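Trainee: I'd like to learn how to read a structure feature by feature. Can we start with a single residue and work outwards?

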Amino acid sequence: MPAVPRVQILLSALLFGTTGTAQALGPQLEPLALGAARIVAGAALLGLVALVAGARRVGGGPRAVLLAGACVALYQATFFAAVADTGVAVGTVVAIGSAPAFAGLLARAFAGERLTGRWVAATALASAGVVLLVVGGGAAGSVSAPGVGLALLSGAGYAGYAVATKRMLDAGGAPEAVMASVFGAGALLLLPVFAIVPLGGLATAGGAALVLYLAVVPTALAYVLFARGLKRIGAGETATLTLAEPLTAAALGVVALGERPGLAAGAGAALVLGGLALLALRPDPPAAAPEPAHRHPHRPTPVEARA
């Protein structure tokens with residue numbers, strides 16, 4: 001397997017990891033409203049990208065689109081609710097850390113993907129590293145059982161999205177068209193959010209700029225890269241590679257927000273890097289040379305026949 005799809009997934013995770021820092025530096029907005037606005041605006045941009053690229057084929061049919069879109073809405077809504085209930089650190093680590101395990105199990109159950117020992121080891125290393133990153137950041141705070149449950153739902157929703165989208169891509173869907181349709185469905189499902197939560201400063205210049213950034217960089221651009229990588233590697237491996245997201249967030253916290261993580265966080269970063277390297281950098285064995293298209297049985301020469 002070429003390294004390119006893994007690099008695309010890692011780049012998408014780096015872009016995902018800028019979300020928290022952008023929110024911290026931007027105006028304080030209602031999290032659920034901001035999340036819904038991000039998906040709605042991102043869906044519009046993804047539709048434009050698909051139109052410009054001439055990508056129209058969506059594999060899997062309407063049911064697959066609706067399922068993947070529902071998973072997008074689920075992980076967005078439950079993630080922000082979990083963070084509000086149990087805090088950013090615990091909500092983030094449970095949601096992001098649980099997604100690879102859910103994705104691997106769902107991919108095994110519904111897509112027949114084989115779970116390799118390398119995937120198990122890489123997922124365990126990276127997930128343990130995410131936990132240490134949060135604990136070492138000194139922001140674990142109090143743990144709420146309902147909040148943890150919501151974060152687990154968010155992780156399961158993200159995993160379901162990855163597996164459902166993978167099946168659409170495997171059915172011949174173009175990455176840009178798949179992302180546009182899935183996020184379009186998710187945006188429609190999230191529209192009622194605007195009627196039940198305060199919109200706050202979304203209409204201000206700062207709020208609009210934040211929504212625009214979130215829609216362009218960690219949504220439209222990141223998910224196109226994500227889909228192109230996912231088309232060529234499994235959903236379980238993809239979800240593990242996206243554990244680079246909290247590592248990116250931690251690094252940006254140091255550089256942009258002046259955070260000073262402790263020794264445990266440094267060890268966690270090393271574990272995440274080790275898990276990602278195990279998946280992303282180990283070369284796969286070369287594929288066997290294909291058999292000739294028209295291979296005729298070997299006919300012995302007269303010398304061979306007399307031997």
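Mentor: Sure. Take tyrosine 161: setting aside neighbours within four places in sequence, its contacts (heavy atoms within 4.5 Å) are Ala68, Cys71, Val72, Tyr75, Met179, Val182, Phe183, Tyr223 and Phe226. Bear in mind that this is a predicted model, where local features need pLDDT of at least 70 and side-chain atom pairs pLDDT 80 or more, while totals for chains, interfaces and linings use all residues. Numbering starts from 1 along each chain as its sequence is written, and side-chain values use heavy atoms, without hydrogens or water.

Trainee: Which residues touch the most other members of the largest nonpolar core?

Mentor: The general idea is that in soluble globular proteins, nonpolar side chains tend to be buried together. A nonpolar core here is a set of buried Ala, Val, Leu, Ile, Met, Phe, Trp, Tyr and Cys residues joined through side-chain atoms within 4.5 Å. The largest has 65 residues, and Tyr158, Tyr161, Met179, Val182, Phe183, Tyr223 and Phe226 touch the most other members. Helix α10, residues 205–230, is the top contributor to this core with 12 residues. Apart from it sits another core of 5 residues, including Ala82, Val94, Ala95 and Val148.

Trainee: And the whole chain: how many helices and strands are there?

Mentor: There are 14 helices and 0 strands, both taken as DSSP runs numbered from the N terminus (helices H or I, at least four residues; strands E, at least two). Of the 307 residues, 47% are buried; buried means under 20% relative accessible area, exposed over 50%, and partly exposed in between, with a 1.4 Å probe and protein chains only. Look at sequence separation too: among contacts between residues at least 6 apart, 90% join residues at least 24 apart.

Trainee: Now helix pairs. At what angle do α7 and α8 pack?

Mentor: The axes are lines fitted to C-alpha atoms over the stretch in contact, and angles run from 0 to 180 degrees between N-to-C directions. Helix α7 (residues 145–170) and helix α8 (residues 175–190) pack at about 135°, axes 10 Å apart. That makes α7 oblique to α8; under 35 degrees is roughly parallel, over 145 roughly antiparallel, 65 to 115 roughly perpendicular, and the rest oblique. The crossing is right-handed, as the near helix is turned clockwise from the far one by less than a right angle (anticlockwise would be left-handed).

Trainee: Which residues of α7 and α8 meet?

Mentor: From α7 come Tyr161, Thr165, Met168 and Leu169, facing Pro175, Val178, Met179, Ser181, Val182 and Phe183 of α8. So our tyrosine turns up again. By class there are 8 nonpolar, 2 polar and no charged residues in this contact; Ala, Val, Leu, Ile, Met, Phe, Trp, Tyr, Cys and Pro count as nonpolar, Asp, Glu, Lys and Arg as charged, and the others, Gly among them, as polar.

Trainee: How do α3 and α4 cross?

Mentor: The axes of α3 (residues 31–53) and α4 (residues 61–86) come within 9 Å and cross at roughly 155°. That makes α3 roughly antiparallel to α4, and their crossing is right-handed. Pro31, Leu32, Gly35, Arg38 and Ile39 of α3 make the contact with Val72, Gln76, Ala77 and Phe80 of α4. The classes there are 6 nonpolar, 2 polar and 1 charged.

Trainee: One more pair: which residues join α1 and α12?

Mentor: First the geometry: α1 (residues 4–16) and α12 (residues 244–257) have axes that come within 7 Å and cross at roughly 45°. So α1 is oblique to α12, with a right-handed crossing. Leu10, Ala13, Leu14 and Phe16 of α1 meet Ala244, Glu245 and Thr248 of α12; that contact has 5 nonpolar, 1 polar and 1 charged residues.

Trainee: Back to single residues. Is phenylalanine 102 buried or partly exposed?

Mentor: Phenylalanine 102, in helix α5, is partly exposed, with a relative accessible area of 29%. Leaving aside neighbours within four places in sequence, phenylalanine 102 touches Leu152, Gly155, Ala156 and Ala159.

Trainee: Where does leucine 115 lie?

Mentor: Leucine 115 lies in the loop between α5 (88–111) and α6 (117–136), and is partly exposed at 31% relative accessible area. Its C-alpha is 7.8 Å from that of glycine 236, 121 residues apart along the chain. For contrast, leucine 212 in α10 is exposed, at 53%.
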